[in-house]
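Morning, everyone. I've got one structure to walk you through today, so let me put it up and we'll go from strand pairing to the core and then to a couple of polar side chains.

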Amino acid sequence: MLQCHAKHAERSDMFTYVKAKLHWSVTMRMFYDSPSLQRGAFVCAVLATAVIGLGCGQKVSSLNHVTGRVTFKGTPVPAGVIQFTPDTSAGNSGAAGFAEIRDGEYDTTTSGRGVAAGAMIVTIDAYSMKNINPDFLPNGEALIVGYKERVNVGTDSETVLDFEIDPKRR
């Protein structure tokens, strides 16, 4: 009985192997016979290479550590986000950076990403931390959204940039 069971298991394993081999053979035959599948595979390979290549641009180690204070009408901004975007009109195509603003201070290494050197457009969104609604206003009411200012980030590995938000100048 044991020998019979062993032979049955051996046949079952062989059947599974043949079935898998046949499935693979049919799948590969469909691929070889279908120009649209070949084009799709080629497009996927090109896109994957492009996505991987995008990550190989500027090294994170070459990004500057930027810190500073953000005030609105003379008082520290309770919460917000500061973004550094390369100013392409000034010829900068470096990496963008960002940080959270908490109690008027930001630090790109604590909560965010460092900034490349060169001309940058800084965008600040500032919130009051008052009348918080977790679904719609997690940081409270907006003090100002989309405030922009142009700055130049030096080549120092650490840069301090303070901002006084002027609500009249957007």
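Okay, start with Pro86, which sits opposite Met120 in β7. Keep in mind that this is a predicted model. That Pro86–Met120 position belongs to a pairing I'd like you to follow along: β3 and β7 run antiparallel to each other, with eight bridges between them. On to the next neighbour: β7 is also joined to β8, again in the antiparallel sense, by nine bridges. If you want a landmark there, look for Ala126, which has Ile144 of β8 opposite.

So how enclosed is β7 by the rest of the structure? Largely, because nine of its ten residues are buried. For the chain as a whole, 29% of the 170 residues count as buried.

Let me zoom out for a second. The protein chain has two helices and ten strands, and in sequence order the two α elements come before the run of β. Taking contacts between residues at least 6 apart in sequence, 60% of them join residues at least 24 apart. As for the surface, the chain exposes about 11,800 Å², and 60% of that comes from carbon and sulfur atoms.

Now the inside. As a general point, nonpolar side chains in soluble globular proteins tend to be buried together. Here the largest nonpolar core has 24 residues, and the ones touching the most other members are Ile82, Phe84, Tyr106, Ile124, Phe163 and Ile165. Which strands each supply at least two residues of this core? Those are β1 (65-72), β3, β4 (97-102), β7 (118-127), β8 (142-153) and β10 (163-165).

Two names from that core deserve a closer look. There's one aromatic pair in the structure, and it's Phe84 with Tyr106: the centres are 6.2 Å apart, the planes make an angle of 45 degrees, and the pair counts as tilted. It links distant parts of the chain, since Phe84 is in strand β3 (residues 79-86) and Tyr106 is in strand β5 (residues 105-107), 22 residues apart. Both rings belong to buried residues. Setting aside its neighbours within four places in sequence, Tyr106 has a long list of contacts, including Val66, Val70, Ile82, Ile101, Leu161 and Phe163. Gly68 and Glu100 are on that list too.

Right, polar side chains. Back to β7 for Thr123, which is located in that strand. Buried or exposed, at 11% relative accessibility? Thr123 counts as buried, because the cut-off is under 20%. Its side chain makes a polar contact with the side chain of Lys148, at 3.2 Å. Beyond its neighbours within four places in sequence, Thr123 touches Val81, Ile82 and Gln83, along with Gly146, Tyr147 and Lys148.

The other one is Asn92, out in the loop between β3 and β4. Despite the loop address, Asn92 is buried, with a relative accessible area of 10%. What does its side chain reach at 2.8 Å? That's the backbone nitrogen of Gly94. Leaving out neighbours within four places in sequence, Asn92 is in contact with Pro86, Asp87, Ala117, Gly118, Ala119 and Met120. And that brings us back to where we came in, with Pro86 standing opposite Met120.

Technical notes: Residues are numbered from 1 along each chain as its sequence is written. This is a predicted model: local features need pLDDT of at least 70, side-chain atom pairs count only at pLDDT 80 or more; totals for chains, interfaces and linings use all residues. Side-chain values use heavy atoms; hydrogens and water are left out. Rings of Phe, Tyr and Trp (its six-membered ring) pair if their centres lie within 6.5 Å; planes under 30 degrees apart count as stacked, over 60 as edge-to-face and the rest as tilted. Helices (H or I, at least four residues) and strands (E, at least two) are DSSP runs, numbered from the N terminus. Buried means under 20% relative accessible area, exposed over 50%, partly exposed in between (1.4 Å probe, protein chains only). A nonpolar core is a set of buried Ala, Val, Leu, Ile, Met, Phe, Trp, Tyr and Cys residues joined through side-chain atoms within 4.5 Å. Contact means heavy atoms within 4.5 Å. A polar contact is a pair of N or O atoms within 3.5 Å; within protein, one must be able to donate a hydrogen and the other to accept it, and residues adjacent in sequence count only if both atoms are side-chain atoms. Accessible areas come from the Shrake-Rupley method with a 1.4 Å probe; for residues, only the protein chains shown count as cover. Two strands pair if DSSP finds at least two bridges between them.
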